[in-house]
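Here are my notes after a look through the model you sent. I've kept to chain B as a whole and one helix of chain A.

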Amino acid sequence: MSHDAGSQQFHDTDSQRFHDTGSQRFYDAGSQQFHDAGSQQSQAAGWQQFQAAGGHPTAAHSSPGGVGPEFDSQASQSQSQTGAPHSHGAQSHGEVPRAQSETAGARTETKEPQHPATYRPGEVAGPQSEAGVTQEPSPANTPAVLDVVQREVLRAALNRVVPSRESLPGAGDLGIGDGIERSMAASIPLRRLFLEGLGEIAITAHLQAAEDFRSLDPARQTVVLETVEQRLPAFFAALVEHAYRGYYTRVDVQRAVGHDARPPQPLGHELPPFDPTLLDRQRRRTPFWRPAP
Amino acid sequence: MPHWPEPDVVIVGAGASGAAVAWSLAEAGFHVVCLEQGDWVSPAAMPHRRDDWELNRLTDFNADPNVRQLAADYPVNDAASTYTPLMFNAVGGSTIHWSAHFPRYHPSDFRVKSLDGVGDDWPLSYAELEPFYDLSDKLTGVAGTIGDPSQPPRSPRGTRPLPIGRLGETMAAGFEKLGWHWWPSDGAILADDYDGRPACNLCGPCDLGCPTGARSSADVTFWPKALALGVELRTGCRVREISVSADGRARGVVYYDPDGALREQRAPLVVMACNGVGTPRLLLNSRSGPFPDGLANRSGLVGKNLMFHPFAATAGVFAEDLDSWSGPIGSVIFSHEFYETDRKRDFVRGFGMQVVRQSGPLQTAMGGASSSRIPWGETHHRVFGERFGHMVNLGVMGEDLPETINEVVLDPELSDAHGIPAPLVRYRLSDNSLRLLEYGVGRATEVLEAAGATEVVVCNPSRPAGWHLLGTCRMGEDPAGSVVDRWGRAHDVDNLFIVDGSVFVTSAAVNPTTTIQALALRTADYIKRTGSHA
C-alpha cells in the first residue's frame, strides 16, 4: 500500500497511526503472530477481488450472498474455520505496534513479524490504537520498559489506587502493572508520561518522608500519591484510568463486584417485555405538541 | 489521471444518508457508484464476545476519531470546540457505533422563525417530510409504540417497544409522580424478528457495533438491498475533492483508491453524504477557477452554522439494584415535557430528556456519560458498590440554533494520511443554550430525585457529546442565505446534491438520523422524478 508520503502531516509527531496505513502490526498472543491491521488488509484484499470480479461486490465486501457482512450466528463458525483464538479470556491485547526497536531500545527482544497471507475476518479484534490490558499478563510477551525499582513503585502505587477487597488483592498485586508496561512499550507519549510520574512518586516520597515509596505504610503512600496527583494531574489521570482498565476487565474482579462476568454475547440478557399498561395515564393526556403550518 | 466509465450517480459516503440514496436510486434502475473511505466492519471483529470488551470503547471503537485513529479516519482539530465531534468511518458510517435513538422532528421544529422568532424556517414542513419518515421507518425497522401525546400521530412501529427493565420502570414512576410526559423511546433496534433480521438479545453495548444485526444500522438495512440492486460500493476510497468542468458543473470526484493511486470517478450527478463535518471539508477543499472559495460556496456559508446539540449529562444513584447494565444502552424512555417553547422560561425552544443505561464495570469506574470517575483509594470499592448497577443516566439534549460563528473550516496545518486538509471545528454554546441547559439540569435532577435517587451527578456541558453534526451546508430558498435548495441541490452547482446532516436548517432537540434518512430519501425521490442526472 503506497501513497504520497511527502504530503503526510499530523499534529502528533509521535503518532503515525493516521498516516502509516501499511505498517501497523498487532500481536495476537493466541496465535503467537503479528498481524497487519485488519481493516487495511481487508480493504486491499477486497479491492483486488472487487477488480477481479469486474467491479461487483465480493465476499470481502459482503457476505457470500453479496448482501452484507456475516452476522453473529455465522461469525462463530467462521472463527472456528480459521482457527482464530476467540475463546473468552484467551485473546490478548498485548499488541506491540510498529517497530519494536523504536519503543524499547536495546532492551527489547525483537520478534520477526509473520504476515498472514490474507486477512481472515475474526482473526484480530480490530486494530487497537493503544495496547490494552490482558486478563492473564504474560511476562514473556512484555517488553521491559521499567527497571525493577520502577516496576515495584508502580505496583505499590496501583495497590493504593485500587486497594485490596475481600478475596482480591490490590490492583498492583493482581499484575495490572504488566499491562501498563505493555502499553508504555507501544506508546512513546504514554511512556514519557509514566516515567516522569513514577519518578515524581519516588522523589515526593523522599521529600515528604525521607524514605523509599515502597517501604512507606499505606496511609503515607496515599499522602504521597495525593501530592503527585496535584503536581502531575495528566500522569495521575492516566495511572488511574489504566488501573481501572486492567482491573475491571478481569473476570475474577467482575465476578467479585456482582457482574455476571461474561461478555455481552452470545447470551445477551433477559428482561421482561414492556408492560403497555404503564402508559395508561400518558395515553389519556391531551396531545400537547405544537401545530405548525 | 485514470478514470472509470461513468455511472449515473456517484455518492460520496456510505453512511445512513448515502446508503438510503444508493438504495432508492438503484431501485429505479440508476447505475450508482458509492465511494467510502472506510470498510465493512465485520461482526466477528466486534468485541462483544470478549471478556475485555469494554476496552474497545476506550480505543478502536471510541466514537472520537482522534482517539481511535484508525486508517479510515481523518483527524479533526476540535481544540476550539465545546463538544468533541464524533463519527465513524465505515460502511454504515456513524450508525455503526450508534445507540439508535430514532425520534422524529416535531412539526414546530420546521418553523422556529415563524413561531419563536429565532433561527430560520425550513423550506419544507413536517407534513411534506412525513411520507419519507414512514418509508425510512419501514426500511429501517423501528421498535416503539404509537399514541404518544407529545407528537403527531404516526405510522405503526415495526416491532413492539424494547423492554425498559427496572431502570426504565423506576424512571417512568418518577415522571408519573411529577405528572410529566414520558414514553418508550423509538429505537432502531428490533424487539421482534423483522425483515430477515433477528430480535435484539439485549446484550447492551450498541455503541460498539451490533454483532447480531438486530440494530438497524445502515450496513444491515439499506446496504444489502442496495448491493442486491447492483450498486457498486468501493470501500477504502478516500475522496479528495469534487472535480469541476469548464462550465462550472460537477464533473465527478477525485479520490485515492486503496492502493493510494489517485483516480477520478466522473458522473453526471454527484451526491455528498459525508456528514456535517466531512461534506463542508471536501467542498472547501474543492477550489477551482469558478469556485475559488470552495465548491458551491458563493454564499460563503459552506461550513458555517455548525450545530451539535447542547447536551448535559446527569445521573442518579439509587439504593436499589436496577440491573442498569442489562439491555440496549441507549433506547429506554424519554420525556418531551419541556420540548416546546414556553415564554415563562428565560430561553426559547426546548429540550428532551433521555434515560440511558449504564454499561459494564469499567465504564462505571470511569464515570460513563456523566464523566464522574469513581474516586481512587480507600473509598473506591464502597463508591463502586453504590453505583454499579444502581445508576441511571439521564441526558438533557436541547435544540441548537444556527450561528455563523460556529463553523467547520480547513485546518491550515493538520491533514490526513493523504495530505487532505483536516477540518478545524469552532463551536461554543450560545447564551440561550446555556440557560436551556441550566434549566434542563434542574428538571433532570428533579425527576431523578422523584424516582428515588439518593445522589445526582451532573456534567454540564458534557464534552464528548458531539454525536450530531448539522447545519454546515444549510437548506433554503435564497441562494445568498443557504447552500442547497429545498431538495438538497446546491444553488451554485445544479448537478451536486447534499443529503447528510449538513443541510439541516435547525437542529430540533432530537437525534437526527431519522430526519437525515427521510431527507435523503426525499432528495432521491426528487432526482428520480426530475431526471436530474440526465
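1. A word on terms before the counts: helices (H or I, at least four residues) and strands (E, at least two) are DSSP runs, numbered from the N terminus. On that basis, chain B has 12 helices and 18 strands. Bear in mind that this is a predicted model.

2. How does the size of chain B fit its length? Its radius of gyration is 22 Å, close to the 24 Å that the globule rule gives for 534 residues, so chain B is as compact as a globular protein of that length. The C-alpha trace spans about 70 × 50 × 45 Å along its principal axes.

3. Inside chain B, 75% of the 534 residues are buried. Of the contacts with a separation of 6 or more, 73% are between residues 24 or more positions apart.

4. On the outside, the accessible surface of chain B is about 14200 Å², and carbon and sulfur atoms account for 51% of that. Chain B carries 46 positive and 64 negative charges, and the mean positions of the two sets are 2 Å apart.

5. Now to chain A, where helix α4 covers residues 148-161. From first C-alpha to last, its 14 residues reach 20 Å, close to the 20 Å expected at 1.5 Å a residue.

6. Which residues of α4(A) are buried? They are A:V153, A:L154, A:A156, A:A157, A:L158, A:N159, A:R160 and A:V161. Their cover includes α5 (176-186), α6 (188-209), α7 (218-231) and α8 (233-248) of chain A, together with α10 (380-387) of chain B.

Definitions and conventions: Residues numbered from 1 in each chain as written. Chains lettered and ligands numbered in written order. Predicted model: local features only at pLDDT ≥ 70, side-chain atom pairs only at ≥ 80, totals over all residues. Heavy atoms only, no water. Rg over C-alpha atoms; globule rule 2.2 N^0.38 Å. Buried < 20%, exposed > 50% of the residue type's maximum accessible area, 1.4 Å probe, protein only. Contact = heavy atoms within 4.5 Å. Areas by Shrake-Rupley, 256 points an atom, 1.4 Å probe, with all protein chains shown as cover. Lys, Arg positive; Asp, Glu negative; His and termini not counted. Charge placed at Lys NZ, Arg CZ, Asp CG, Glu CD. Expected span 1.5 Å × (residues − 1).
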